[in-house]
Amino acid sequence: MKHELPKLPYALEDLAPVISSQTLEFHYGKHHQAYVNNLNNLIVGTKFENADLETIVREADGGIFNNGAQVWNHTFYFSAFSPKPKAAPAGKLAEAIIADFGSFEQFKEAFAKAAATLFGSGWAWLVKDAYGHLEIVQESNAGNPLRTGLTPLLTCDVWEHAYYLDYQNKRPDYIQEFWSIVDWSVVEYRFGK
Ligand code: MN
């Protein structure tokens with residue numbers, strides 16, 4: 001199947017100043033699009049030619065995995081943002097965060113630390129395990145927690161292309177501002193699935 005760049009649920013300028021339209025032009029318009037294009041080129045003539053994206057993320061290796069997972073990860077990352085986000089979780093997700101991390105503030109601190117200390121390029125994830133418990137995991141490069149049977153709930157892209165135009169080398173500043181555009185209604189929906 002031919003993979004496509006999904007539409008963003010907001011305009012390129014809507015997340016500024018947290019993420020500028022210039023960053024989105026490159027990060028979504030060029031990087032995310034390039035992963036889609038590379039994937040479409042790489043799967044021709046392979047057993048993944050007609051596979052859906054999640055199957056590719058779970059089963060592929062090498063370049064097909066790298067590009068397929070980067071398509072999935074970026075779609076997941078971009079779709080958790082809103083210019084008018086729900087600022088904190090409620091209901092069952094809020095209860096799970098308190099049970100597993102102590103408080104929402106302690107969760108944010110632990111997630112931010114995981115994102116800030118991830119060496120090189122990669123992703124910090126909030127995930128749910130098979131028993132419904134929450135964990136924070138770090139994945140390098142295109143890594144995706146679906147590969148180890150976990151359910152992704154939220155991710156922060158810490159590849160330099162995600163923040164360098166807006167924050168230069170100050171990755172912790174980007175992570176701190178990231179919280180103000182995360183729409184917790186999206187994360188609640190993912191948790192409840
Ligand atoms: Mn990225």
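**Salt bridges, a manganese site and backbone features**

Q: What makes the pair Arg58 and Glu54 a salt bridge?
A: The side chains of Arg58 and Glu54 meet with nitrogen and oxygen 2.8 Å apart, and the term requires a side-chain nitrogen of Lys or Arg within 4 Å of a carboxyl oxygen of Asp or Glu, so the pair qualifies. The model is predicted, with local features needing pLDDT of at least 70 and side-chain atom pairs counting only at pLDDT 80 or more, whereas totals for chains, interfaces and linings use all residues. Residues are numbered from 1 along each chain as its sequence is written, and side-chain values use heavy atoms, leaving out hydrogens and water.

Q: How do you know that Arg58 and Glu54 are separated by about one helical turn?
A: The two residues are four apart in helix H2, where helices are DSSP runs of H or I with at least four residues, strands are runs of E with at least two, and both are numbered from the N terminus. An α-helix has 3.6 residues a turn, so residues three or four places apart point the same way.

Q: Why are Arg58 and Glu54 called partly exposed?
A: The relative accessible area is 40% for Arg58 and 35% for Glu54; buried means under 20%, exposed over 50% and partly exposed in between (1.4 Å probe, protein chains only), so both fall in the middle class.

Q: What makes Glu188 and Lys86 a salt bridge, and which parts does the pair tie together?
A: The closest N and O atoms of Glu188 and Lys86 are 2.9 Å apart, which meets the salt-bridge criterion already given. Glu188 belongs to helix H8 (residues 184-192) and Lys86 to the loop between H3 and helix H4 (91-101), so the bridge joins parts that are 102 residues apart in sequence. Lys86 is partly exposed at 32% relative accessible area.

Q: Why does Lys108 count as buried or exposed, and how does Glu105 count?
A: Lys108 has a relative accessibility of 18% and therefore counts as buried, while Glu105, at 51%, counts as exposed. These side chains meet in a salt bridge of 3.6 Å, N to O, and both residues lie in helix H5 (residues 104-117), three residues apart, about one turn of the helix. A search of the whole structure finds four salt bridges.

Q: How do you know which residues are the protein donors of the manganese ion?
A: Donors are N, O and S atoms within 2.8 Å of the metal (3.2 Å for Na, K and Ca), and water is not among the atoms, so sites may look incomplete. His27 (NE2), His74 (NE2), Asp157 (OD) and His161 (NE2) lie 1.9 to 2.1 Å from the manganese ion, and along the chain the donors follow the spacing H-x46-H-x82-D-x3-H. One pair links distant parts of the chain, with His74 in helix H3 (residues 62-78) and Asp157 in strand S3 (residues 151-157), 83 residues apart. His74 counts as buried at 0% relative accessibility, and Asp157 is likewise buried, with a relative accessible area of 0%.

Q: How do you know that the span of helix H1 agrees with what is expected?
A: The expected span is 1.5 Å times one less than the number of residues. For the 22 residues of H1 (residues 21-42) this gives 32 Å, and the end C-alpha atoms are 30 Å apart, which agrees. The buried residues of H1 include the manganese donor His27, and what covers the buried residues of H1 includes helix H2 (53-59), H3, S3 and helix H6 (164-167).

Q: What makes strand S1 and strand S2 a pair?
A: Two strands pair if DSSP finds at least two bridges between them, and S1 (residues 122-128) and S2 (residues 134-140) share seven bridges in the antiparallel sense. Val127 stands opposite Glu135 in S2. The two strands form a hairpin with five residues between them, and Gly132 in the turn has a positive phi of about 90 degrees.

Q: What makes the phi values of Asn141 and Gln168 worth noting?
A: Most residues other than glycine have a negative phi, and most peptide bonds are trans. Asn141, in the loop between S2 and S3, has a positive phi near 55 degrees, and Gln168, in the loop between H6 and helix H7 (171-178), has a positive phi of about 50 degrees.

Q: What is omega for the peptide bond that joins Ala16 and Pro17?
A: Omega is about 5 degrees, and the bond is cis; Pro17 lies in the segment before H1.

Methods:
Contact means heavy atoms within 4.5 Å.
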